[in-house]
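Could you walk me through this model, picking out the spots that are worth a look in the viewer? I'd like to follow it in plain language, one place at a time.

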Amino acid sequence: MIISKAPVRISLGGGGTDLASYYSKFGGFLIAGGIDKYIFICINRRFERSIKLSYSRTEVVESVDEIKHNIFREALRLCGIENQVELSSVADVPANCGLGSSSSFTVALLNALHTYKRDFVTHRQLAEEACNIEINLLGEPIGKQDHYASAHGGLNLIEFHPDESVLVSPLVLPAGTATALQERLLLFYLGSQRDTRDILSDQNRQVSQDEAKFAALARMVELAYVMRDQLNDGDLQGFGQSLHRGWELKRTLSVKISNERIEQYYQRAREFGAVGGKVAGAGGGGFLLLYAQPEDQERLRQALFDLPELPFKFDWGGSRIIHVGDHDVKEGFCQS
């Protein structure tokens, strides 16, 4: 038995510029961080020649072509595993919550499958293959950041180039800055899961048709570079204020990104101590990410008492294998 895990992520600046509708013209840039909430994949050799999959449903099929779960099917095809295998998934967070769980699932699955086959893979290869499955093979209207943030973990600067290449550079912060940043970021669950595809498809249409929305994304790229410099300088208060400006820009890209309920919670948060924030991911629901000084956090929690909080820390390991049991796979072949 082999168990892999991959972290979900939070996007801190420049989110949305990883969509091809933007980066294919001018390139995208964002700051993203993996957090210590994970998607787990367990794989084991099956006695029967069939394939068994366990997720929110259970599938037992005789061939890969019969699999209904799109990502399971394409990942097994890519890795050349045809039968006699059992796979199951477990998640720390709900689906469609804005933390990139679908892409983390794909990364963790690929890592498990490659390890099962005794293939060594790098974090970059995992991210590239996961992007290929979700974006190219399945035609999902999503960006690339989730796959790279999950595969690499840590805090990263991610550049998306028009030629489809991606550059991931660790954000190396002064001593104590990463910890201080972590202590000032909070996640609250809005409780409404939304259709990411619908929101991102609408955003892609709007950006392609409206020069003002395209210009807003350009300003988000500029702001992401400002936020990078603020973090490097240890200006966390300035970073929190930039997080607010980023949200103001992001919600202009599509009417589906925010709604009255989200705005009410965000305004309440700002009144009770939040310097800035945003809805994680595509928007429309999921998790509300907020920046607040430690001395303001208790009154902020009281103001948002009806929203469950998700405490978190940054993840620094990315996708990795956490268990190899009695199997013919050697631990040395596992991604670390």
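What follows is a stroll through some aromatic rings, a helix crossing, a few buried spots and some backbone angles.

Keep in mind as you look around that this is a predicted model. Let's start with the aromatics. There are 12 aromatic pairs here, counting rings whose centres lie within 6.5 Å. Take Phe-26 and Phe-214: their rings sit edge-to-face, with 5.6 Å from centre to centre and 65° between the planes. This pair ties together distant parts of the chain, since Phe-26 belongs to helix H1 (residues 20-26) and Phe-214 to helix H8 (residues 211-232), 188 residues apart. The two partners have rather unlike surroundings. Phe-26 has a relative accessible area of 60%, so it counts as exposed, while Phe-214 has a relative accessibility of 16% and therefore counts as buried.

Helix H8 has another ring to show you. Tyr-225 pairs with Phe-29, and this time the rings are stacked, 3.9 Å centre to centre with 5° between the planes. Again the pair bridges distant parts of the chain: Phe-29 is in strand S2 (residues 28-45) and Tyr-225 is in H8, with their positions 196 residues apart. Phe-29 is buried, because its relative accessible area is 2%. Tyr-225, at 31% relative accessibility, is partly exposed.

Now go back to Phe-26 and Phe-214 for a moment. Together with Tyr-22 they make up one aromatic cluster. Another ring worth clicking on is Tyr-38, where Lys-5 lies over the face of the ring, 4.0 Å from its centre.

Next, turn to a helix crossing. The axes of helix H3 (residues 101-116) and helix H5 (residues 145-152) come within 8 Å and cross at roughly 50°. That angle falls outside the parallel, antiparallel and perpendicular ranges, so H3 is oblique to H5. The crossing is right-handed. If you want to see who touches whom, Ser-103, Ser-104 and Val-107 on the H3 side meet Asp-146, His-147, Ser-150 and Ala-151 on the H5 side.

Zoom in on Ser-150, which lies in helix H5. Its relative accessible area is 0%, so Ser-150 is buried. Setting aside neighbours within four places in sequence, Ser-150 is in contact with Ala-6, Pro-7, Ser-104, Val-107, Gly-318 and Ser-319. One of those, Ser-319, is 169 residues away along the chain, yet the C-alpha atoms of Ser-150 and Ser-319 are separated by 6.4 Å.

From there, hop over to Ala-127 in helix H4. Ala-127 has a relative accessibility of 0% and therefore counts as buried too. What does Ala-127 contact, leaving aside neighbours within four places in sequence? The partners are His-147, Tyr-148 and Ala-151. The C-alpha atoms of Ala-127 and Tyr-148 are separated by 5.0 Å, although their positions lie 21 residues apart in the chain.

Helix H4 also has a part to play in the next stop, helix H2 (70-79). Seven of the 10 residues of H2 are buried, so this helix is largely enclosed by the rest of the structure. The buried ones are Ile-71, Phe-72, Arg-73, Glu-74, Ala-75, Leu-76 and Cys-79. And what covers them? The cover includes strand S3 (51-54), S5, H3 and helix H4 (123-137). Right after H2 comes Gly-80, with a positive phi near 70°.

That brings us to the backbone angles. Most residues other than glycine have a negative phi, so it's worth pausing at exceptions. Gln-84 is one to look at: its phi is near 55°, a positive value in a residue that isn't glycine. Gln-84 sits in the loop between helix H2 and strand S5 (85-91). With a relative accessible area of 15%, Gln-84 is buried.

Glu-164 has a positive phi as well, about 80°, and is not a glycine either. Look for Glu-164 in the loop between strand S6 (155-160) and strand S7 (166-170). Glu-164 has a relative accessible area of 40%, so it counts as partly exposed.

Technical notes
Residues are numbered from 1 along each chain as its sequence is written. This is a predicted model: local features need pLDDT of at least 70, side-chain atom pairs count only at pLDDT 80 or more; totals for chains, interfaces and linings use all residues. Side-chain values use heavy atoms; hydrogens and water are left out. Rings of Phe, Tyr and Trp (its six-membered ring) pair if their centres lie within 6.5 Å; planes under 30 degrees apart count as stacked, over 60 as edge-to-face and the rest as tilted. Helices (H or I, at least four residues) and strands (E, at least two) are DSSP runs, numbered from the N terminus. Buried means under 20% relative accessible area, exposed over 50%, partly exposed in between (1.4 Å probe, protein chains only). A charge sits over a ring if NZ of Lys or CZ of Arg is within 6 Å of the ring centre and within 35 degrees of the ring normal. Axes are lines fitted to C-alpha atoms, for helices over the stretch in contact, and angles run from 0 to 180 degrees between N-to-C directions. Angles under 35 degrees count as roughly parallel, over 145 as roughly antiparallel, 65 to 115 as roughly perpendicular and the rest as oblique. A crossing is left-handed if the near helix is turned anticlockwise from the far one by less than a right angle, and right-handed if clockwise. Contact means heavy atoms within 4.5 Å.
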